[in-house]
Amino acid sequence: MPETTADTAPETTPEPEPERRETSGATIELENLSKRYPGSAEPAVDSVSMEIKAGELIIFVGPSGCGKSTMLKMINRLIEPTGGRIHIGGEDVTDMDPVKLRRKVGYAIQSAGLFPHMTVAQNIALVPKMVGWSKSRITSRVEELLDMVGLDPGEFHGRYPRQLSGGQQQRVGVARALAADPPVLLMDEPFGAVDPITRDHLQDELIRLQHELHKTIVFVTHDFDEAIKLGDRIAVLRERSHIAQFDTPEAILTNPADDFVSGFVGAGAALKRLNLTRVRDVGITEYPTVTVDDPLQDIFNKLRAAGTNELLLLDRHNRPYKWLRRGDLMRAKGSLARAGTLVHDTVTRDATLRDALEAVLTDNTGRVAVTGRRGQYEGVVDMETLMNSVHELLDEDRLEALEHQHELQEQRAQQTHHEQEGDGAGEVKA
């Protein structure tokens, strides 16, 4: 039996078990926050003021060296501010004991930062153990969080970080940051060290978790596409963390404040808007499925009755496994092991249309399987549905462009009219 965190937790006075209810987010107010390092001619962060609403997911994005990670770390005082104030939930935490503050603020970083000598359970239980939770409460919370981030508690509870993939480590890192149910979660490029497909799925998991938990999340990234996908609002930062624009993704894409922000948006703003629409917003349909335990003859019969030229084969955990075509079954010679094409990618309901399009093109089947928690099959979304949504977005962009052009024409006409009236008045006076 693997060693558990509960076995190593300090003895504490039994406490009444609280009602299981997640703490929602808290407001964050930064007031003239600054950081100046000794010997530097310019401050790293220069008098930044910002209000973040409770339950918002806010993105800091900007060029390397602009101070975005420094500003993030000042919120939980891993870096002490040189000047300014920090309020969380209305409480001034600028002078609070920093260790006490950090126990109330979750923190997730790139490459997870797990302790290698501790099991997954012990890593997650670290803060609850320090604040004196009971053994039973810790055990329950560890299992709850592993399930929440899509990892089977029975399978991963006793593993060590070296036994996990990069994506699994990041999931454990997020679970650890949420362990003591903090109202605020700080994330410093947490998905930057994993491959693109894993990063997409981790982003989807974060979106799903935020729908459930409503934490206040401040997330640092250098990837503007990631910022668009995740953020309720995005703070585009210049040097010294001066705010170039702090607005919704839609507003930044359609109306960048200046050339600096336009540079971050880059070319193809219409295509970037695909990151604003989720798979859950378009049509998810059923598709004929079979399982690896179904007899081959039953699979033939279902394919014949379905009226399609292929089926989706699910594994024993109800996860998409292979696409099976009629010809594949004919060549199978009684064994599904040799039949079909592996499912290379899936998407969740929280994936963006851009994710779904990329997945459809990767699998080359004209559709992509949609999965829920732990990768279980929920339906499919097809290329026709995705392309219809793309055309709708492009039509919206064209309409907005025409409306903007019409407004400019009206403004010019009014300006010309005023100038002519002004000239006329001048002639009368003369």
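For what follows, Ala, Val, Leu, Ile, Met, Phe, Trp, Tyr, Cys and Pro count as nonpolar, Asp, Glu, Lys and Arg as charged, and the others, Gly among them, as polar. The model is predicted, so local features need pLDDT of at least 70 and side-chain atom pairs count only at pLDDT 80 or more, while totals for chains, interfaces and linings use all residues. Residues are numbered from 1 along each chain as its sequence is written, and side-chain values use heavy atoms, with hydrogens and water left out.

**Exercise 1.** Describe the second largest pocket and the classes of its lining residues.

*Solution.* Begin with the term: on a 1 Å grid over the protein atoms alone, a pocket is an open set of points where a 1.4 Å probe fits, with protein on both sides within 12 Å along at least five of seven lines, and lining residues have an atom within 4 Å of a point. The second largest pocket holds about 490 Å³ of space, a volume being the space filled by probe spheres set on the grid points, which are joined across faces, edges and corners. Its lining has 21 residues, of which Arg102, Val105, Tyr107, Val127 and Met130 are the closest to the centre. Next, sort the lining by class, which gives 15 nonpolar, three polar and three charged residues. Finally, turn to the elements, where helices (H or I, at least four residues) and strands (E, at least two) are DSSP runs numbered from the N terminus; β6 gives the largest share of this lining, with five residues.

**Exercise 2.** Carry out the same steps for the largest pocket.

*Solution.* The volume of the largest pocket is about 890 Å³. Among its 28 lining residues, Gly150, Arg171, Arg319, Arg374 and Gly375 are the closest to the centre. Sorting this lining by class yields five nonpolar, 14 polar and nine charged residues. As for the elements, α7 (153-156), α8 (166-178) and α9 (196-213) each supply at least two residues, and α9 gives the most, with four.

**Exercise 3.** Find the strands that pair with β1, and name a bridge partner in each.

*Solution.* Two strands pair if DSSP finds at least two bridges between them. Strand β1 (residues 28-35) pairs with β4 (residues 83-88) in the antiparallel sense over five bridges, and in β4 the bridge partner of Glu31 is Arg85. Five bridges also join β1 to strand β2 (residues 45-52), again antiparallel, and here Lys35 has Val45 of β2 as its bridge partner.
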